[in-house]
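Good morning, and thank you for coming. Please look at the chain on the screen while I take you through a few of its parts.

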Amino acid sequence: MKGRIGLRITSSILFVFSFILFLSGCILQRRSMHTLERYYDTMPLPETHPLALEKKRRKAQAKNATPSGGSNSRNYGINQQVIHPSQPKPTALESWEQARRQFEMESQREKERYRTVGYVQLVDDFTSVCSAVMMFNDLDRVSSKASRVLIYPESWDMQLDISESQQREAQKILATQEKTLNTKRKQKNTKKKSKKKGEADRKPEEHAANPLDPPPLLREPSADISSQYHTARRLLHLARIKHSVTLLPMPDGLVTPLVMLNMTDYKRLIYLQHPAAILKNMDEILLNAPTAVITVPRDLSGGLSSNFLMVAPETGELEYIMKNGGVKKDAGGLGKVVERIYSTTAMILPRWPYEIFTSEFFDSTIETSGSRESVWLPSKVVNKAYYVLFDGGKISPNINKKWETVPQPWKLKSLEEGVAPKCRLVQDLGNGEEKWDCTARNVWRTLYDGYRQRRMEVCGLDLEA
Ligand SMILES: *[C@@H]1O[C@H](CO)[C@@H](O)[C@H](O)[C@H]1NC(C)=O
């Protein structure tokens, strides 16, 4: 037994020592390798020497291993974050915070850009206020983010002054009301029929805090009060609360689109005549149009339009126009004034697609004047148009081409069968068969029906007899 144990101990000792010997050999060898490598590193070698080649290969390998090398090296500083060794790498939270701040700054800048451009409506009689408000409703529909301004005569004495905080408060209440109304509608859709009693109970409560009620009158208004006064007042207040419109009473002599030239808080403004439908967002034009004090489309006869005017406000410009008699009652239409004063400096837009008239669906001058395309395609025309004016008329196809009035969409008469444009006979296929084209009629009808319906929704006014 004793001898056996002794044998084991000696063999273990032998094993340990030989292992240590092996290890020290290894270390010694590595060391001498390193010295050799270092020696060769410092020694100049010809490019073709195998050792030199090996060195090159190793260097290239080491470079590719680092993440900033390789394909990224082509990003010449764009988007590349240079991290100095002294600066600690930003944590995820910090870079998130940075991104958030940047996003906020950008959205603030964009907000400011949109604040400085806008759409202007102008009313000079009570009955047209609804048409103007509908234009702002259209702007919401086409998701315009630009400012809105509504100009009306000072002498109306509308007494609509409320503080900004009151306005914001009213807008908040309106938003919550609309939200609950939407959810109620949804519930109605799922439950089919809800209890009528509950609704009736809630109604007076809603009525009490109606944010769309204009502020109480402080004095007897100085304008002669027709029955329209209160409706107009209600609609002006609605425009401000619901469509974020800035109300701008003007001295009576200055209720003209040309006063936009003096609104130097803005960079660019578009005036549009009503009653009309805005079919496309024009924000891009407001933000990015080339520089010009006045921009205006042509009218049907090759003159300048009185229905569409874009201006870049400029100090002193309005005074200049006034000196030249541009805002006098007998100055002629807007287009005439612009033509006289800005004939050499105005930027001219083509009539198409900025402005078309509903009358053109009866008989298009665009077709006959050949200014756009050889064939007048009503559906294509309306799909591309920015702005359609309800000009309430048509040129009768008689030899003398007389102008006839056509009832506007809010008139009961506009619903009559014979009012819309007629279908056009395209082809006589013989044996009693004919091919008719009704697109003009359908487009016209869609425009009229849409306007009629929106007028009731927006202004709450019924059809007039
Ligand atoms: C134009 O604006 C300036 C400054 O806002 C004002 O002083 C001037 O009276 C305005 N001009 C007219 C004609 O309203």
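I begin with a term: two strands are said to pair if DSSP finds at least two bridges between them. With that in hand, consider β9 and β10, the latter being residues 387–389, which pair in the parallel sense over 2 bridges. Within that pairing, F357 has L389 of β10 as its bridge partner. Please note that what you see is a predicted model.

These strands belong to an open sheet of 3 strands, in the order β5-β10-β9, with mixed pairing. At its edges lie β5 and β9 (356–357), each of which pairs on one side only.

Let me now give the overall picture. The chain contains 14 helices and 14 strands. Of its 465 residues, 25% count as buried. Among the contacts in the chain with a separation of 6 or more, 73% are between residues 24 or more positions apart.

A second group of strands centres, for our purposes, on β6, residues 294–297. Which strands does β6 join, and in what sense do they run? With strand β7, residues 308–311, β6 runs antiparallel, and 2 bridges join them. Here T295 stands opposite M310 of β7. With strand β8, residues 347–349, β6 runs parallel, joined by 3 bridges. In that case P297 stands opposite L349 of β8.

Are the faces of β6 covered or not? Both are covered: I294 and V296 are buried on one side, and T295 and P297 are buried on the other. Thus T295, which stands opposite M310, is also one of the buried residues.

I turn next to the helices, and to α4 in particular. Helix α4 covers residues 129–141, which is 13 residues. At 1.5 Å a residue, α4 should span 18 Å, and its end C-alpha atoms are 19 Å apart, which agrees. Just after α4 comes S143, whose phi is positive, near 60 degrees.

How many of the 13 residues of α4 are buried? The count is 10, and α4 is mostly covered. The buried residues include V129, C130, V133 and F136, and also D138 and L139. Their cover comes from several parts of the chain, including the strands β1 (117–122), β2 (147–153), β4 (268–272) and β5 (276–278). The helices α7 (228–243) and α14 (439–459) also contribute to that cover.

The partner α7 deserves a closer look. Two packed helices are described by the angle between their axes and the distance between the axes. For α4 and α7, the axes come within 9 Å and cross at roughly 15 degrees. Angles under 35 degrees count as roughly parallel, and therefore α4 is roughly parallel to α7. The residues making the contact are V129, C130, V133, F136, N137 and D140 of α4, together with A232, L235, L236, L238, A239 and H243 of α7. In an α-helix, residues three or four places apart point the same way, because there are 3.6 residues a turn. You may wish to keep that in mind when you view the contact on the screen. The crossing of α4 past α7 is left-handed.

As a contrast in cover, take helix α3, residues 92–115. Its 24 residues reach 34 Å from the first C-alpha to the last, close to the 34 Å expected at 1.5 Å a residue. The count of buried residues in α3 is 0, and the helix is hardly covered.

Finally, I come to the backbone. Most residues other than glycine have a negative phi, and most peptide bonds are trans. Where in this chain do we find cis peptide bonds? One runs from H274 to P275, with omega near 0 degrees, and P275 lies in the loop between β4 and β5. Another runs from W352 to P353, with omega near 5 degrees, and P353 lies in helix α11, residues 351–354.

There are also residues with positive phi. D157 has a phi near 50 degrees, although it is not a glycine, and it is found in the loop between β2 and α5 (164–191). Q159, also not a glycine, has a positive phi of about 50 degrees, and its place is in the loop between β2 and α5.

Are D157 and Q159 buried, partly exposed or exposed? A residue is buried if 20 or more other C-beta atoms lie within 10 Å of its own, exposed if 12 or fewer, and partly exposed in between. D157 has 17 such atoms and is therefore partly exposed. Q159 has 14, so Q159 is partly exposed.

Methods
Residues are numbered from 1 along each chain as its sequence is written. This is a predicted model: local features need pLDDT of at least 70, side-chain atom pairs count only at pLDDT 80 or more; totals for chains, interfaces and linings use all residues. Helices (H or I, at least four residues) and strands (E, at least two) are DSSP runs, numbered from the N terminus. The expected span of a helix is 1.5 Å times one less than its number of residues. Two residues are in contact if their C-beta atoms, placed from the backbone, lie within 7 Å. Axes are lines fitted to C-alpha atoms, for helices over the stretch in contact, and angles run from 0 to 180 degrees between N-to-C directions. Angles under 35 degrees count as roughly parallel, over 145 as roughly antiparallel, 65 to 115 as roughly perpendicular and the rest as oblique. A crossing is left-handed if the near helix is turned anticlockwise from the far one by less than a right angle, and right-handed if clockwise.
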